[in-house]
Every structure is written in C-alpha cells, then in structure tokens.
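Reader: Please go through this model with me, one question at a time. I would like the terms explained as they come up.

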Amino acid sequence: MTEAPFDLAVEGVSVAYANGHLALRDASFHLSGGTICALVGVNGSGKSTLFKSIMGFVKPVSGHVTINGAAVKVALKRNVVAYVPQAEEVDWDFPVSVADVAMMGRYGRMNFLRIPSATDKTKVEEALRRVSMWDFRDRQIGELSGGQKKRVFLARALAQEGRVILLDEPFTGVDVKTEQAIIDLLRELRAEGCIILVSTHNLGSVPEFCDQVVLINRTVLGYGPTSEVFTEDNLSKAFGGALRHFHFEHSTVQDHDGRAIRVLTDDERPLVFGKDGHLEYKDREGREDILRQREEET
Amino acid sequence: MIADLLTPFHYDYLLKAIWVSALVGGACGFLSAFVTLKGWSLMGDALSHAVVPGVAVSYILGLPFVLGAFVAALLASGAMVLVRARSRIREDATIGIVFTSFFALGLVLISRFPSKVDLKMILFGNILGISGSDVIQVAAISALTLLVLGLKWRDLMLVSFDPAQARTLGLPAAWLQWLLLALLSATAVAALQAVGACLVVAMLVTPGATAYLLTDRFGRLIWLSTAMGAFTSWLGAYLSYHFNGATGGCIVVLQTLLFLVAFTFAPKHGWLAARRRVKQDWTPPLDT
C-alpha cells in the first residue's frame with residue numbers, strides 16, 4: 001500500500017475566533033511522509049485550531065493548508081485525512097458496536113446508501129485485527145476500557161486508509177501496554193509513508209516515538225527533527241511559565257547518570273534531560289539505547 | 001360484541017384513517033431514534049407548537065395546511081437562531097420563548113376565526129375525522145420522511161454520533177443536520193393531525209427512548225422504534241373509535257405502556273436487570 005510520499009504544507013495560516021481575536025497567527029510548517037510529528041504546546045496555544053484548519057473545519061483568514069498540493073476540501077473528498085478524537089469528544093452511550101465505529105471510516109468510499117461491500121468488510125476486519133479488537137467487534141463501545149476505546153478509533157482511521165492521521169491526546173486514560181501498542185502501530189504506519197500528527201501533553205514520550213516536532217504557541221515557534229527542536233530552551237519558550245522545572249542534584253540521581261539531570265513536565269509523564277539528551281525516566285532500565293535506535297531508524 | 005369490535009373496518013374512511021395513523025406513527029418512530037440520541041426532545045416539542053399559527057393561517061385562507069406549517073417552522077427556527085446569536089440568553093430559554101410566542105399567536109388567530117379552524121382539532125388531533133385532502137398531505141409527508149430516512153439513515157447516524165468524522169470524510173455534515181431538522185418539522189406537522197400539538201412530542205420521543213432501553217445497536221433501534229410507533233398508532237386509532245375519538249390519548253397511552261414495560265423488564269438496561277446486577281455484585285466486562 002506504499003504510495004508516493006505524502007506531503008502536508010501549512011503556509012502562513014491565521015485563524016480568527018468569532019470575536020475577531022486571532023487563535024493562530026501566521027503558522028507555517030511542512031511535513032512529508034512517513035513521519036510521526038508531535039504537536040506540542042500549552043492549552044489554548046492553538047493546537048486544536050491547527051487541527052481544525054487541517055481538517056477544513058475552520059477557514060483561515062489568511063494563508064492556506066495543502067495536502068499533496070491540493071486544497072483541504074479536495075483531500076477530504078479523497079478520504080486521505082483521518083482523525084482520532086479525544087475520549088471526551090465521543091458519546092460512549094451511543095448504540096454502536098466496535099465494528100460499527102470501524103465501518104464509519106469506510107463511509108466516504110461507499111455508495112449512496114452506504115451499504116458495505118466485501119472490500120469494506122475486509123478492510124474493517126483487517127483494521128480491527130491490527131489493533132487486536134476483532135474479538136470485541138460486537139461490543140457496545142461504552143463497555144470497553146480506556147485503551148480499548150482508543151484502539152477502536154485508531155482502527156477506524158486504519159479502515160479509512162487515511163494518509164494524514166491526526167491524533168488528539170492519544171495517551172490520556174491509556175495503560176502503559178496500550179500506549180506501547182499504539183506507538184508500535186504508529187511506527188508501522190510511518191514506515192508505510194503516512195504523515196502522523198500527534199497533539200500531546202505527554203512530553204516524556206515525544207522523543208521516544210516522534211521523529212519531528214512542531215512547537216506551537218499561537219503561532220509555530222519552530223519545527224523540525226526532534227533532536228534539534230525538542231530542546232530545553234525551545235520548550236521553555238513554548239511553555240513559558242506553564243512548565244514545571246525540577247532540578248535534581250548529584251545526590252538524588254546517582255543511580256542514573258552520576259550527574260545532574262533536569263525534569264520538565266506539563267502533564268503526567270515528565271520529560272527528562274540527562275547525559276544522552278532525552279531519557280525516559282521511569283521505564284529507562286534495559287532500554288538505555290532506545291533513543292539511539294530510534295535515530296538510526298529515521 | 002365481535003361485530004361491534006369490527007365496526008371500524010366496515011367504513012372505508014375509518015380504515016384509511018387508521019392506516020394513515022400507522023404511517024405517521026412509523027415516520028415519527030423512525031425519527032424518534034435520532035431525536036432521543038441527539039437530545040432534540042425540546043426542539044421537537046417547540047416545532048410542534050410553533051407550526052400552529054401557520055396551520056391556522058392556512059385554514060383561514062383555504063391553503064394546504066402543510067404550506068403554512070412549513071413557513072411557520074422556518075420562521076420559528078430563524079427566530080431561535082437570531083435570539084440565540086444576538087443575545088446572552090441560553091438555548092433552552094430561547095426555545096421556550098419562541099415556541100410559546102408562536103403557539104400563543106396561533107391561539108389568538110384560531111379564536112378570531114372559529115368557523116374556519118377547530119381549536120380542539122389542533123390541540124388534540126382528529127385523524128378519524130380529517131378531510132380527504134388533509135389525509136393525503138399527512139400520508140405524503142410521512143411516506144416522504146420514511147423514504148428519506150430509509151435511504152440516508154446511515155449518514156444521519158454518523159452525523160449524530162460523530163459530526164467531525166462526517167466532515168473529515170467530506171460528507172456535507174451541516175446539510176445533513178438541516179435535513180434532520182427539516183424532517184423533524186415535517187413529521188411534527190403530520191403528527192399534529194394525528195395526536196394534536198400537545199402530544200406530538202410523545203410520538204417523537206417515546207418510541208426511540210423505549211427502543212434505546214432494549215438494544216445497543218442503532219440498526220435494531222430504528223426497527224424497534226419504527227415498529228412500535230406504527231403499531232401503537234394503528235392500535236390507538238382503532239381503539240379511539242370506541243373511545244369517542246381521543247386518538248392522541250390512546251396512542252400515547254399505548255406508547256407509555258410499552259415504555260414502562262421496557263423500563264422495568266429490558267434485559268440489559270431495565271430497572272430489574274440493574275437490581276439483579278447489584279445483587280450478583282456484577283462487574284462490567286472490562287479487560288485491557
């Protein structure tokens with residue numbers, strides 16, 4: 001299913017609220033697939049506005065978004081943009097099953113009556129098997145755990161065969177095992193040439209699976225490879241006072257690096273700077289080389 | 001005795017009215033699936049009252065009542081949007097103000113021209129007694145609604161469940177929402193003839209709410225609510241012949257009975273099932 005590399009261009013996009021204030025000012029960045037790119041910024045920094053302009057929900061007052069050179073509207077008609085919503089946005093009491101939700105990814109490819117073809121059914125089964133949710137296909141979506149819920153909506157994006165996949169806070173309410181499973185899946189999709197844009201508070205996991213980062217605070221402060229952009233300086237700039245800093249001295253961290261480290265956290269999972277740049281603090285044991293490996297992969 | 005029970009079936013006009021009533025009930029039942037899940041109950045109530053002045057004007061001028069009802073529904077929706085956008089008043093208050101204003105205007109018009117419009121008919125409906133041309137309008141609206149819903153229910157389900165997904169797939173989400181609202185207005189008008197302005201909201205909510213207690217699948221929910229709407233309306237219209245024409249009352253009482261049965265005995269979401277679960281210290285089937 002590997003096609004020509006996909007390309008997402010956001011050029012000088014400004015978006016205004018109804019009251020005339022700018023939610024986003026002159027935001028620009030380029031991504032081409034496959035990549036996993038983190039979208040990092042405080043609440044109210046314009047992350048969701050940026051998502052909305054990529055999905056064509058808001059019309060920029062200036063600038064434009066193009067996907068493979070085509071306007072967003074055209075890209076949507078081709079079903080190339082897939083969106084995995086936050087858990088809070090979903091009505092979990094709605095009477096639909098796991099398979100029903102995955103099938104919703106196929107609607108754009110169905111006929112006028114939206115009656116699933118054999119291909120649609122195969123794609124849904126493949127997608128659900130890929131996220132290990134096939135055995136739960138007849139469950140009502142409210143009867144799933146947090147991790148399972150997330151995987152159902154990922155399956156929908158897979159069934160849709162989206163090439164630009166937007167994920168909003170994919171790790172909130174998700175157990176560590178599922179988080180790892182999601183990360184593995186995203187890396188497979190990257191290998192297939194997809195552009196994956198992940199909006200996240202989870203700074204600690206960013207260096208582990210994102211090869212690029214877009215830093216945002218009402219505009220794009222910087223974008224590029226994680227190792228260049230996701231630095232302490234830039235993060236302090238992006239988050240201003242909203243980021244908690246913890247400075248641990250030698251005595252507290254002997255077991256780790258034998259020297260000082262600094263912890264930056266915006267949410268539950270902290271970002272730790274140490275000897276080799278970014279380190280995953282809590283799961284570090286036995287995975288000391290993971291960042292080096294990731295770098296070689298991309 | 002038996003001959004008595006069969007009387008309605010010997011009169012063509014009664015038989016026709018009973019079947020038209022079932023058709024209206026089916027259309028309302030189908031739509032009630034969306035109304036309950038979207039939380040549009042108040043909207044349905046509002047529209048059923050807001051069309052009253054339109055219906056009154058149509059009768060006064062001798063026009064098809066559908067025309068006046070349509071214009072009134074349009075004006076009412078417009079007024080709600082306007083008040084909502086231009087003031088700090090909340091949505092439920094806005095709906096409350098607009099629909100009572102329209103309804104009040106309707107009452108004034110009707111009392112001014114008592115010979116042209118029957119207030120009792122508008123408030124309580126009279127499907128067994130309405131004229132031939134009105135029956136045709138009611139039947140046409142209901143059939144059209146059923147047709148549109150039958151063809152596009154999957155799109156409407158997606159828009160109700162996840163409008164963002166509908167839009168990312170390039171579906172005309174806003175247009176589909178309007179379609180649903182238009183169908184709601186249309187069925188409110190049709191149901192007005194069957195059960196009257198006061199009870200329309202029951203037709204647009206109860207079957208869907210009952211079905212929601214009985215199933216976790218949207219497709220099945222639609223079948224159940226449509227079937228319940230049609231069945232209760234058929235039986236209610238038939239029974240009302242023996243009860244001197246309180247058609248609306250009969251239909252809605254039957255719907256309420258079904259709701260109570262589901263509320264108590266529904267296998268999974270019923271009251272008894274919930275109690276059983278507590279007793280057995282039942283835990284939801286969660287796993288990671």
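Reader: Which strands of chain A does helix H1 lie across, and at what angle does H1(A) run to S2(A)?

Author: Helix H1 of chain A, residues 47-54, lies across S1, S2 and S4 of chain A. Helices (H or I, at least four residues) and strands (E, at least two) are DSSP runs, numbered from the N terminus. Axes are lines fitted to C-alpha atoms, for helices over the stretch in contact, and angles run from 0 to 180 degrees between N-to-C directions. On that scale H1(A) runs to S2(A) at about 60°.

Reader: What are the ground rules of this model?

Author: This is a predicted model, in which local features need pLDDT of at least 70 and side-chain atom pairs count only at pLDDT 80 or more, while totals for chains, interfaces and linings use all residues. Residues are numbered from 1 along each chain as its sequence is written, and chains are lettered from A and ligands numbered from 1 in the order in which they are written.

Reader: What is the order of the open sheet of four strands in chain A, and which are its edge strands?

Author: Two strands pair if DSSP finds at least two bridges between them. The pairing in this sheet is antiparallel and the order is S2-S1-S4-S5. Strands that pair on one side only are its edges, namely S2(A) (22-32) and S5(A) (70-71).

Reader: Which residue in S4(A) stands opposite Ser14(A)?

Author: S1(A), residues 7-16, and S4(A), residues 62-67, pair in the antiparallel sense over five bridges. Opposite Ser14(A) in S4(A) stands Ser62(A).

Reader: What is the average twist from one strand to the next in the open sheet of six strands?

Author: The order of this sheet in chain A is S6-S7-S8-S3-S9-S10, with mixed pairing. Its edge strands are S6(A) (81-84) and S10(A). From one strand to the next, the twist averages 15°.

Reader: What is the bridge partner of Ala38(A) in S8(A)?

Author: S3(A), residues 35-40, and S8(A), residues 195-199, run parallel and are joined by five bridges. In S8(A), the partner of Ala38(A) is Val198(A).

Reader: At what angle does helix H9 of chain A run to S10(A)?

Author: Helix H9(A), residues 232-239, lies across S3, S9 and S10 of chain A. Its angle to S10(A) is about 150°.

Reader: Where is Glu161(A), and is it buried or exposed?

Author: Most residues other than glycine have a negative phi, and most peptide bonds are trans. Glu161(A) has a positive phi of about 55° although it is not a glycine, and is found in the loop between helix H5 (146-160) and strand S7 (164-168) of chain A. A residue is buried if 20 or more other C-beta atoms, placed from the backbone, lie within 10 Å of its own, exposed if 12 or fewer, and partly exposed in between. Because 16 other C-beta atoms lie within 10 Å, Glu161(A) is partly exposed.

Reader: What is the phi of Arg218(A), and how does its burial come out?

Author: Arg218(A) lies in the loop between strand S9 (212-216) and strand S10 (220-225) of chain A. Its phi is positive, about 70°, although Arg218(A) is not a glycine. With 17 C-beta neighbours inside 10 Å, Arg218(A) therefore counts as partly exposed.

Reader: At what angle do H11(B) and H12(B) cross?

Author: The axes of H11(B), residues 200-214, and H12(B) come within 8 Å. H11(B) passes H12(B) in a right-handed crossing (left-handed if the near helix is turned anticlockwise from the far one by less than a right angle, right-handed if clockwise). Angles under 35 degrees count as roughly parallel, over 145 as roughly antiparallel, 65 to 115 as roughly perpendicular and the rest as oblique. The two helices are therefore oblique to each other, crossing at roughly 135°.

Reader: Which helix gives the most to the side of chain B that touches chain A?

Author: Two residues are in contact if their C-beta atoms, placed from the backbone, lie within 7 Å, and 25 residues of chain B are in contact with 26 residues of chain A. Helices H8 (132-161), H9 (163-168) and H12 (218-242) of chain B each supply at least two residues of that side of chain B. With five residues, the helix that gives the most is H8(B).
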